[in-house]
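Me: I would like to look closely at one part of this structure and then follow the chain outward from there. Could you take me through it slowly, as you would for someone in a first year of study?

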Amino acid sequence: MTQTQQESSAPVSTGRSLETNGLRKSYGGVTALDGASVTFQDGKVNALIGPNGSGKTTFFNCVTGMIRADEGTTTFRGTDITTASPHRIARQGIGRSFQLCRIFPRMTVMENMLAAVRPQSVWKMLGSARDAADQERARELLARVGIDHLEHAEARDLSYGQQKLLELGGVLMADPDTIMLDEPAGGVNPALIDRIANLIRSLNAEGKTFIVVEHNMELVMSLSDHVVVFDRGRPICEGPPSLVQNDPRVLEAYLGI
Ligand SMILES: Nc1ncnc2c1ncn2[C@@H]1O[C@H](COP(=O)(O)OP(=O)(O)OP(=O)(O)O)[C@@H](O)[C@H]1O
Ligand SMILES: [Mg+2]
């Protein structure tokens, strides 16, 4: 290891994290993904942007096994996960959040954190030792996302931004290496957007890879190392934020000109 590498606190890119090849998905006459081939690098904050309906969420759903692509393949760190179940994909180290926050509104914040790593039925069968360890971890993560004071509150009583932070906390419970966030700042107030951005930065500095779908361009441009732009179900342009920002193809896609 060189002196520079030793001193650097930035994550070292170890190569390709997630790679898709020709992903295609149609719903009746609507083509949601039109042969999307994308490579995301390990250790980076990657952004996936594009106009409404350009296939970003469908891409996430295919990659995480929530829906099956009609054609194409997905590999994660060299392993083919094209037809793997969401559970297996999660165990490989991919965590994700949803565009419409998925939490249990009538459960407490702590219960939501525990439910994120094991189904309730299993949880009840397991001994209290596991409970205690998970609760300790949940508390640490709740403190990290800044809502530990709300541990006993019902999730439905949290603000939307706090619910997003809870969902992110739940994603972190499984300690994924690669974290896919579908519009983490959507509908969130500016103070909490800053907190989410700082969390992403600090987790990335610890080595987590991010793939973030987001419409908030200021956030995308300040946060990302690499931006992929989707239009009509496939990438039309990619590169560092400064390049993508000035690419006429991107303006054309967004403005439809
Ligand atoms: N379950 C579904 N049934 C029918 N059509 C769908 C379904 N899911 C997505 N689509 C269509 O596929 C296209 C891509 O949708 P998708 O939700 O992936 O876009 P998106 O880029 O995430 O958009 P947004 O930025 O608005 O979230 C759209 O035309 C959408 O209407
Ligand atoms: Mg979407």
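Reply: In this predicted model, strand β1, made of residues 16-27, and strand β2, made of residues 30-41, run antiparallel and are joined by nine bridges. One of the pairings can be found by starting at L23, whose bridge partner in β2 is A36. Between the two strands of this hairpin there are two residues, and G28 in the hairpin takes a positive phi near 60 degrees. Strand β1 also has a second antiparallel neighbour, since five bridges join it to strand β4, residues 71-76. On that side T20 is the residue to look for, standing opposite T74 in β4. As you follow the strands, it helps to remember that in a regular strand the side chains alternate between the two faces of the sheet.

From the strands we can turn to the magnesium ion, ligand 2, which has T57 (through OG1) and Q99 (through OE1) as its protein donors, lying 2.0 to 2.2 Å from it. These donors link distant parts of the chain, for T57 belongs to helix α2 (residues 56-63) while Q99 sits in the loop between β6 (94-96) and α4 (109-115), 42 residues apart. T57 has a relative accessibility of 26% and therefore counts as partly exposed, and Q99, with a relative accessible area of 33%, is partly exposed as well.

Two cysteines give a contrast: C62 has a relative accessible area of 4% and so is buried, and C101 is buried too, at 17%, where the cut-off for buried is under 20%. The count of disulfides comes to zero.

Finally, consider helix α8, residues 190-205, whose 16 residues should span 22 Å at 1.5 Å a residue, which agrees with the 23 Å between its end C-alpha atoms. Which residues of α8 are buried? They are L192, I193, I196, A197, L199, I200, L203 and N204, and because they cover an arc of only 160 degrees around the axis, they lie on the same side of α8. The general reason for such a pattern is that an α-helix has 3.6 residues a turn, so residues three or four places apart point the same way. On the other side of α8, P190 and A191 are exposed. At the start of the helix, a side-chain oxygen of N189 comes within 3.0 Å of the backbone nitrogen of A191, and just after α8 the chain passes through G207, which takes a positive phi of about 110 degrees.

Technical notes
Residues numbered from 1 in each chain as written. Chains lettered and ligands numbered in written order. Predicted model: local features only at pLDDT ≥ 70, side-chain atom pairs only at ≥ 80, totals over all residues. Heavy atoms only, no water. Disulfide = S-S within 2.5 Å. Buried < 20%, exposed > 50% of the residue type's maximum accessible area, 1.4 Å probe, protein only. Helix = DSSP H or I, 4+ residues; strand = E, 2+ residues; numbered from the N terminus. Expected span 1.5 Å × (residues − 1). Arc of directions from axis to C-beta. Polar contact = N/O pair within 3.5 Å; in protein donor to acceptor, adjacent residues only side chain to side chain. Pairing = 2+ DSSP bridges. Donors = N, O, S within 2.8 Å, 3.2 Å for Na, K, Ca; no water.
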